[in-house]
Amino acid sequence: MPYLGGEETVRELRRALSNPNVQSDQLRYRNTILKVIRAMSQGVDMSGLFSEMVKACATVDVVQKKLVYVFLCSYAALNPELSLLVINTLRKDCQDPNPMVRSLALRNMTNLRLPSLVEYVEQPLAAGLRDRAACVRRVAVLGWAKLHNLQASSEIDAAVVNELYSLLRDPDPVVMVNCLRALEEILKDEGGVAINKPITHHLLNRLKECDIWGQCQVLRVLQRYRPQSEDELFDILSLLDASLVSPHPPIMAATLSLFLSLCSGQPAVSLAALERVRGPLLAACGSGSREMRFTALCHIQLLLRSIPGLMGAHYKRFFCGYAEPAYIKQRKMQVLVELVNDENVAMLLDELKGYCTDVNAETAQAAITAIGRIGRSYSDRCLEILTGLLGLKQDHITSAVVQTMRDLVWVCPQCSDTVCFALEGCEETLQDSQGRQALLWLLGVYGERVSSAPYTLEVFIDGVRSEASLGVKMELLTATMRLFLCRPAETQDMLGRLLHYCIEEETDMCVRDQALLYYRLLHCGIEETRKVLQGRRSDPSLGVLIGRPAEPVSQWARSFNTLEPLRQGSIETESVSRGSPEHTMFDPKPNADLSNTLDCSRIEKVHSDGDGRCSDSSADILASSVAAPLSLSLFPALSPEEFERLWLQQLALHAEQEEAGKEDFVWMEECVRCPTIPRCSPQSLQAAMQLVNIQTLAFTPPQTLPWRVYLYTHTCLDDAPHSTLILGELLYTGEEPQKAEVHKGSADGGVGAEGIEDEQARQGMEATADGGQEAVKVTLRQQPRDDKALKGFLSILTTVLHTLSSERA
Amino acid sequence: MISQIFILSSKGDHLIYKDFRGESGGDAVGVFYEKVTALTGDQPPVVMSHKGLHFVHVRQGGLYWVATTTADSSPFTIIEFLNRLSALVKDYCGSLSEKSVQMNFALIYELLDEAVDYGYIQTTSSDVLKNFIQTEAVSSRPFSLFDLSNVGLFGAETQQSKVAPSSAATRPIQSSREQGGKSEIFVDVIERMSVVIGSNGMLMKADVEGEIRVKCYLPNCSEMRIGLNEEFSIGKSQLRGYGAAVRVDEVSFHQMVRLDEFDSHRILRLCPSQGEQMVMQYQLSDDLPSAPPFRLFPTIERDSGGRLLMYLKLRCDLPPKSAAINVAATIPVPKGSLSLSQELSSPDQSAELKPQSRAVVWKIPRFTGGMQLSALFKLEVPGLSSASLLEVGPVGLSFELPKLTATGLQIRFLRLSPVQPGPSQRWVRVP
């Protein structure tokens, strides 16, 4: 911060400091120095007074000494030569009979941070390690760490390291903890201080002597320890049990971290530990300090990922207080959404409804989003509240409600009737672009059910010249096109005007290109347009049906008790999709609408000139493996509900028809060795599958067991008259691949003739592989039956999986 | 591990800046303040990052207490430390404000120097620190309890003359050396209560978070015994004595409290160190032993002129002997409310429309038990619709109740050993 008159002040202070009258008067001298420090901490550059301050250092007044040291340590780096003058005084102070003066001198000697002074500092530091006063030893131990970091390239002095190790047995607990800290820094390249069994047990035994900061440090260092036996592990755990429920949140958190790292191989014990910290964490949530409350809340969110029911009974503790800051309220609402169940849903929604009119617009929007999330399971009640909120006619609330409704309809299409009804008339209150985009998307997709849709769009089209938001314009184009398809008579005229404006007058390239694209598309005929534009109306994944499974603790254990959970964007805000839902869903495949009928001959091209995801060799394999010209297609699209119905129905039919022996569909099971597949991210898997026109419908998250993916596609062979539908499931249980006989037994009824071939093929594969490989079980159902197509499909799928897996490895 | 610590005023003035490790360099303070001012809300998030620099801050006494640190450090530890640091500064300087920090910056540098070395927390115990801290605190105004007699506190001399105001304990712990030593000890029972009452008058939620705090100015106090109500019980199952038990759900104690007499006689034994300590914390949720101290009966309607009429009746259900002070009711009102006209039942009350927070604040300085007050507010709201009525409420009430706790927890006695020489005076403090 610029400080006017800074130079004037410096000059005046210099005059005062060198005035012998001031120097002789203890109190005046000290007050002048106080003024210097005050100006310094206000940001005025005081480095010009360095030599005067060096002189002021030689005094018997401890307070003055301390003040001068504050100054010297701040400016030493700017005046390395003058700093040499201080060293003499400091070294003399190191011999002082008063331990306080000794520790002060030693600490500031190392705080000067001048590599040129290292040679003068080493001797007093070495003496400091053997000082009889604990406060000097504390400073000396850390001094070595400072010294090491000053000259990081120099050799580590083994004698010092040994001495530090021996000081771990120092009677003063702070010296012991400082030794740990110093060794961690000095031996950073070797992975920190050695944590072996004797040191661990020594530290654990002395844990009680330390204050909370020391305990946290020790617990943190111990995370590296690996107990040698299960008995030892449980001894340590029971020793630490009291710390786990400590009333001090830092100790509780550090202990839980340690528990999680010690028990990484024993999920059951980790889960028990999580149950145990529920009480202390909840108490921290009610702490007087709101920052502490916030920290505890963020960590509770982590715990809920593994035990969703952990806080179920305590949902009232997460109701927002009246005067709490917005960041706490928003986190609390995120937690509340997780805790909802049949008993408390009415209470929770009532509470959330109260937050929707919060003074803070962000809090209000977060509350509305939270209601939308609950709406996925309790849609009727939530829609009632959301519709009621529209009546407030406030722009930020209406905008949030419309966005929430869009997200809700995307996931739960059954809500669309209520939403369409509620949409009437809310365009007048919408101000921001996000809200208007959401409204346009809804009008486009459900235009045939909103009677006033063409009129609403007309208002938008009339105002398009003054429209500033790019997103709104793009959304308007798409919505008008979609509405044109279902209500051509009302929309044709305005569509013409909009396209004309966008092509002729619009300056933004994106809008213009999209308008041109639609224009040309209309030239291709109405059927083609319909194919391209009428995509999905709902989420293609089965996320809602399957629900969010509990994650293993190991997923987040590393980020527990770090700053990670407290950061803004770190929590997965699934519902905050700000564009239209299908765009966010299809990120890996931006031109999803246009490439629905890719045939296999193009795959090779895509692969070789693609984004480097697939190597050329894999493309070759792919090409050679497809003997018959087989093409896959995603059309007609299959909704998740339809998929689920078919899948279950076929399962039942299969059981019946096994005896009958005749069937118009086939199902087969196959094992594919691709060990890293379950660890690959859903996005890359989805992208890879879409390259070959296989649609993935639902995933379990990576790293979870059993890992499943559901997918489907349509095949058509060039020589076959009709296309077939293939539904598939990839399953990875994490166990050894089952023996061939088991498969044969379970599947021989349906597999039929080619089952034997596959059997042989698989045995061939297994023969070449080493036995312990993990395998993904592929279950396919085809309807109607077409063996050739099924085989072709399987080889494509296998190739994709292998490619992905080799790229992971 | 902490790289830097700095204290900023709410306007962004640098008050204290200390760099422990000299690694991050640059203008961290400037970067932090830029990030704070760039946000629209008045409540910046606790953790902010900028190019590998992580700022963790707490707000205490209207100041930003900021630490910069690495991403893997424990937020619990850092936040606890910053809170502890502000408590230490409060103990040593008497009170916590921009002014007191500015006046005592030398003392605070000294504190920081002893509490943290090379970014590692060394100690925050005031017992240890008092041996090292040499600087005297400068307090803005010397406080003496005798000043109280000429201050007519809240207009009730007879009873109030025995009550010391909350500012009585805002003096530095070490100034006693200079002033000849006034041995005082303050024991506070503070309860924060949050109650939600539904529109039908049903009690929907009630929570009490309470704490016993001891603020000690005794230079040499070896042991202190605090006696609580004998019928004090913890948890749902346990019941002691007859009649109305004083019950709480959970209790936690400071680590220095010895509980050998707690089970039998409900006596806490401790050796307080100088400064302020939280001796005991407790929580009670859902069933309160007594009715909430206030009931509000609101009537809200629109009049013919398109104005919003709010008729509020507030009844104090305390026993007639006690009274609540500094009662403030905050009533959220529809957005865009322009002006407020008010009819209040007595001249010492006041009401004000705060457009910033979209609320009407109704203040009552003193409210005796059994009384009933009413207020009529007329609000000018352009474009008032029936839906706007949804925006009215919920009403928030804040108040102080001297000598009364919601849980019924009381301090029976306070005994010190060795016995202090000279006459002892007892005071009851207003929270």
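This passage describes the contact between chain A and chain B and two sheets of chain B in a predicted model.

The contact between the two chains draws on 75 residues from chain A and 72 residues from chain B. The size of an interface is often given as the accessible area lost when the parts come together. By that reckoning, chain A and chain B bury about 6500 Å² between them, and carbon and sulfur atoms account for 56% of this area. On the side of chain A, the residues that lose the most area to chain B are Trp213(A), Glu291(A) and Leu563(A), which together make up 11% of what that side buries.

Polar and charged groups also take part in the interface, across which 7 salt bridges are found, while 18 residue pairs are in polar contact between chain A and chain B, counting pairs with both residues at pLDDT 80 or more. The side of chain A that touches chain B is composed of 36 nonpolar, 20 polar and 19 charged residues. In one of the salt bridges, the side chain of Lys146(A) meets that of Asp117(B), with an N to O distance of 2.9 Å. Over all chains, the structure holds 45 salt bridges. A further salt bridge is formed by the side chains of Glu110(B) and Lys66(A), at 2.6 Å from N to O. Because Glu110(B) belongs to helix α4 (residues 105-115) of chain B and Lys66(A) to helix α5 (residues 62-75) of chain A, this pair joins two chains.

Within chain B, an open sheet is built from 4 strands in the order β17-β18-β23-β20, with antiparallel pairing. Its edge strands, each of which pairs on one side only, are β17 (294-302) and β20 (339-344) of chain B, and the twist from one strand to the next averages 15 degrees. Strand β17(B) runs antiparallel to strand β18 (residues 307-316) of chain B and is joined to that strand by 9 bridges; Glu301(B) stands opposite Leu309(B), a residue of β18(B).

Another open sheet of chain B contains 4 strands, ordered β21-β22-β19-β24 and paired in the antiparallel sense. Here the edge positions are taken by β21 (350-354) and β24 (396-400) of chain B, each pairing on one side only, and neighbouring strands are turned against each other by 15 degrees on average, direction ignored. The antiparallel pairing of β21(B) with strand β22 (residues 359-368) of chain B extends over 5 bridges, and Ala351(B) has Trp362(B) as its bridge partner in β22(B).

Notes: Residues are numbered from 1 along each chain as its sequence is written. Chains are lettered from A and ligands numbered from 1 in the order in which they are written. This is a predicted model: local features need pLDDT of at least 70, side-chain atom pairs count only at pLDDT 80 or more; totals for chains, interfaces and linings use all residues. Side-chain values use heavy atoms; hydrogens and water are left out. Contact means heavy atoms within 4.5 Å. Buried area is the accessible area (1.4 Å probe) that two parts lose on being put together, summed over both. A salt bridge is a side-chain nitrogen of Lys or Arg within 4 Å of a carboxyl oxygen of Asp or Glu. A polar contact is a pair of N or O atoms within 3.5 Å; within protein, one must be able to donate a hydrogen and the other to accept it, and residues adjacent in sequence count only if both atoms are side-chain atoms. Ala, Val, Leu, Ile, Met, Phe, Trp, Tyr, Cys and Pro count as nonpolar, Asp, Glu, Lys and Arg as charged, and the others, Gly among them, as polar. Two strands pair if DSSP finds at least two bridges between them. Axes are lines fitted to C-alpha atoms, for helices over the stretch in contact, and angles run from 0 to 180 degrees between N-to-C directions.
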